[in-house]
Amino acid sequence: MTYCSALLLLSLRIVGTAALGTLQSFTVFSEPIFLRRGEVHNRYILPKALPADIVQKFANKTMHMKSAQLDIVLVDNKTGEKRPAPLYMTYNHHHALMLGPQDDLMQLYNYTKGHDPLDPSSFPNQTKHAQHAHHRGCMMKRRSFEAILTEALPEGRRESIAAFGGASGAEYRGTSTRLAGHYTYTVDSPQSFMVLMHFINTHGVPTSQKLWECPCTSRRKINVTNGTIDGMKPIAFQCSEQLIQEKNTACSLATYQGGYRCCEHGIFLTEELPGPDAPVDQIEAKFTFEYYEPDAPEVLTAKGTMQPSCCDATGGYLSNSSYFANLEYDIPQCSPGTPPEQCEHVISSVEYFDVPSSNGTDPNEEFELVHAWGHQHVAGSGLELWKESTGELLCRSHPKYGTGHLAGDEEGFVVGIPPCVWGPPPLSPPPRFRRHDHVRTVARYNASQRHHGVMSLWLLTAASLKSEGLNAEVLI
């Protein structure tokens, strides 16, 4: 669903290039961010140039990528040694990565600077234009992101920005983003990238405190009358009818106890604040990309992809087709004596596969779905994706939980969510959708304990069936 430290500069440096069959790969690290125990980082980072050879290689060309992976590393302050950061030391609540021209990313960075990264209504001019209300919701939704691009960049430059992630967090490290067959993620003439990081320093904090649920500490001043937290209005509460009827505590500031709205940049999630001499963790983000060389034979038949606007289990549409979503919700604990197999919280929503944007996109355009995984938090037990018109179950994802102590296998944490992948045989053929086809999401959580601020979102990747293909927008 990144997250107050000083402004951090992201400087990328190439670590190595390796051939993987006909694929190439390169890895880059960010400059470190510095967080104290319990502290939240939730901000975009100043855009920085990609490695010079990559920029030169793809100048005025399209880069076709097969995967993009993220890892988080801790840096030893004395030796400089980098090692993967376990989630019980650094928790990835969510992140996003944008690739594009340096000037465009810099303009986007300046436009979003100082605002809640996920709340489009907090940005300049967003309340002045009625078309943005049509896509209400957080920046994890593609259409909300497009609304920001509309204001930040002039027409003709918005399509140059390709974004990865958004609704992806702790599970991303152990979830494969690789596309099958000839499908690729595409970006034209990449020069730089900009990162949104919502990381929480959980180092040394007992897991019983569940910092990853972003508890509202006793220091927070919640004013129900004014609708503010510490004097600031949080993302609007926009729950589905199902959540409202069950009186879900995440649907109102009056009952809100924890979640993204208490997880702002620079906030401490522990009741006890660290002292001035408290240890500071040095943290870096590590990105690895797989791509084809510009003259690789696979590029001739490569088919670019995009991310549909669907799906959020808290979302839906009003009678006037305006979109709403609460982004998060709470899991109430089962009544005492409930059999374990029945101790489950279930919600569902129905949304369009992809809402046409205001730039003249064809509402009847057809797509094939090629990759899907469901983002859930700790206690998530699965997401289901259904084609509403046929009752066909398209994908059922189940979070993988760690059982050890090493990074990537942290006990009790979601360490991966295996995706559903479609493509050429022996894979199943990709299911087809038009933009206005209805898709149902069913979200399941274990309710043996109470949980705050959980999420249930799909990350879908689709390819247009138009013969001319389509430009990349939000990719994964």
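**Exercise 1. Find out whether C239 and C251 are buried or exposed, and describe the bond between them.**

Step 1: Start with accessibility. Both C239 and C251 are buried, where buried means under 20% relative accessible area, exposed over 50% and partly exposed in between (1.4 Å probe, protein chains only).

Step 2: Check the sulfur atoms. C239 and C251 form a disulfide, S to S 2.1 Å; the cut-off for a disulfide is a pair of cysteine sulfur atoms within 2.5 Å.

Step 3: Get the handedness. The S-S torsion of C239 and C251 is about -95°, so this disulfide is left-handed.

Step 4: Place the pair. C239 is in the loop between strand 13 (228–229) and helix 5 (241–245), while C251 is in the loop between helix 5 and strand 14 (280–291), so parts 12 residues apart in sequence are tied together. Helices (H or I, at least four residues) and strands (E, at least two) are DSSP runs, numbered from the N terminus.

A word on the model before we go on: it is predicted, local features need pLDDT of at least 70, and side-chain atom pairs count only at pLDDT 80 or more, whereas totals for chains, interfaces and linings use all residues. Residues are numbered from 1 along each chain as its sequence is written, and side-chain values use heavy atoms, leaving out hydrogens and water.

**Exercise 2. Work out how C334 and C343 are linked, and which accessibility class each has.**

Step 1: A disulfide joins C334 to C343, with S to S 2.2 Å.

Step 2: The angle about the S-S bond is 125°, and the link of C334 and C343 is right-handed.

Step 3: C334 is partly exposed at 21% relative accessibility, while C343 is buried at 9%.

**Exercise 3. Locate C395 and C420, then describe the sheet that holds strand 22.**

Step 1: C395 and C420 form a disulfide (S to S 2.1 Å). Its torsion is about 85°, so it is right-handed.

Step 2: C395 sits in strand 22 and C420 in strand 25 (residues 420–421), 25 residues apart.

Step 3: Now the sheet. Four strands form an open, antiparallel sheet in the order 19-27-21-22; two strands pair if DSSP finds at least two bridges between them.

Step 4: Look at the edges. Strand 19 (344–352) and strand 22 (392–397) each have a single partner strand, so one side of each lacks a neighbour in the sheet.

Step 5: Zoom in on one pairing. Strand 21 (residues 380–387) and strand 22 are joined by five bridges, and E384 stands opposite R396 in strand 22.
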